[in-house]
Amino acid sequence: MNMISLEQELRGNAYPGRGIVIGKTPDGKNAVTAYFIMGRSENSRNRIFVEDGEGIRTQAFDPSKLSDPSLIIYAPVRVLDHRTIVTNGDQTDTIYEQMSQGATFEQALRLREFEPDGPNYTPRISGIMEIENGTYSYAMSILKSNNGNPAACNRYTFSYSDPVNGEGHFIHTYQSDGNPLPSFEGEPKLVEIENDMDAFTDKIWAALNQDNKVSLFVRYINIETGRYTTKIVNKNQ
């Protein structure tokens, strides 16, 4: 698989939907994740990211305009001991609760499927980062309808036990804009990661479609110490 520019990939797609990036900096010091949300409706665009403990949650920017909180208000990021969970929905809580009871990432997601928002049947995308004793690994998952047929759920998990310096993987909900929205296909895309967190954040935010982008979360976690730095960018201020 050829490495692609995350910036160019985002500039070439007006509506990738929600996206997760996980990887490792070129200097090998930091585990990296980014999560962004986009929206086409007023309800979807009326959101911001706010910090919530060690994670984040979505929140209505203008509560008076919130017409339906289902599927748009959730905790995208939660931390369980040495594990950081990143998802595009309330399956974050399912993963957190099941893994706290000894289940694996994959086992937890067997309890969930794609979102009930026909005709799109938006895929649920999830990631787990495990950093312990100076070691780092991650996995990504997508739960999607069977080519638009909600009678079956197709489940895919991709594991990366030895992340390569400077490499990351990008998975998102939609191939592109459309009606219905076409689901992401294939394995996560190989993308470049940068040492400079500010530059990485700025490039992603600038590359997202101006009309459709809503919020961006980026976190760099030091693999040796577990200490992290977080950046949140919200279109609504």
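This passage walks through the salt bridges, a strand hairpin, the aromatic pairs and one buried glycine of a predicted model.

A good place to start is with the charged side chains. In total, 11 salt bridges are found in the structure. One of them joins the side chains of Glu9 and Lys189, with a distance of 2.5 Å from N to O. Glu9 belongs to helix α1, which covers residues 6–11, while Lys189 belongs to strand β11, residues 189–192, so this pair ties together parts that lie 180 residues apart in sequence. As for its surroundings, Glu9 is partly exposed, and its relative accessible area is 26%.

A second salt bridge is made by Asp81 and Arg83, whose closest N and O atoms are 4.0 Å apart. The two partners can be described in turn. Asp81 counts as exposed, because its relative accessibility of 63% is over the 50% cut-off. Arg83, on the other hand, is buried, with a relative accessible area of 15%.

Asp90 and Arg112 form a further salt bridge, and here the closest N and O atoms are 2.7 Å apart. Asp90 sits in the loop between β6 (83–87) and α3 (91–100), and Arg112 sits in the loop between α4 (105–109) and β7 (124–132), so the pair ties together parts that are 22 residues apart in sequence. Asp90 is partly exposed, with a relative accessible area of 37%, whereas Arg112 counts as buried at 17% relative accessibility. Salt bridges with shared partners also bring in Arg124, which is joined with Asp90 and Arg112 into one network.

The next feature is a pair of strands. Strand β3 (residues 47–52) pairs with strand β4 (residues 55–60) in the antiparallel sense, over six bridges. Within this pairing, Ile48 has Gln59 in β4 as its bridge partner. The two strands, β3 and β4, make a hairpin with two residues between them, and Gly53 in the turn has a positive phi of about 65°.

Aromatic side chains come next, and seven aromatic pairs are found in a search of the whole structure. Among them is the pair of Tyr138 and Tyr160, which is tilted, with 4.8 Å from centre to centre and 35° between the planes. Tyr138 lies in strand β8 (residues 135–146) and Tyr160 in strand β9 (residues 149–160), so parts that are 22 residues apart in sequence are tied together by this pair. Both rings belong to residues with little accessible area: Tyr138 is buried at 4%, and Tyr160 counts as buried at 15%. Ring pairs also link Tyr136 with Tyr138 and Tyr160 into a cluster.

Some rings are met by a charge instead. Over the ring of Tyr15 sits the charged end of Arg40, 5.4 Å from the ring centre. A similar arrangement involves Arg219, whose charged end sits over the ring of Tyr228, 3.8 Å from its centre.

Tyr15 appears once more in the surroundings of Gly39. This glycine is found in the loop between β2 (30–38) and α2 (42–45), and it is buried, with a relative accessible area of 0%. Leaving aside residues up to four places away in sequence, Gly39 touches Tyr15, Ser44, Arg45, Asp211, Asn212 and Val214. Gly39 and Leu181 are 142 residues apart in sequence, and their C-alpha atoms are 12 Å apart in space.

Notes: Residues numbered from 1 in each chain as written. Predicted model: local features only at pLDDT ≥ 70, side-chain atom pairs only at ≥ 80, totals over all residues. Heavy atoms only, no water. Helix = DSSP H or I, 4+ residues; strand = E, 2+ residues; numbered from the N terminus. Buried < 20%, exposed > 50% of the residue type's maximum accessible area, 1.4 Å probe, protein only. Pairing = 2+ DSSP bridges. Phe/Tyr/Trp six-rings, centres within 6.5 Å; stacked < 30°, edge-to-face > 60°. Lys NZ or Arg CZ within 6 Å of the ring centre and 35° of its normal. Contact = heavy atoms within 4.5 Å.
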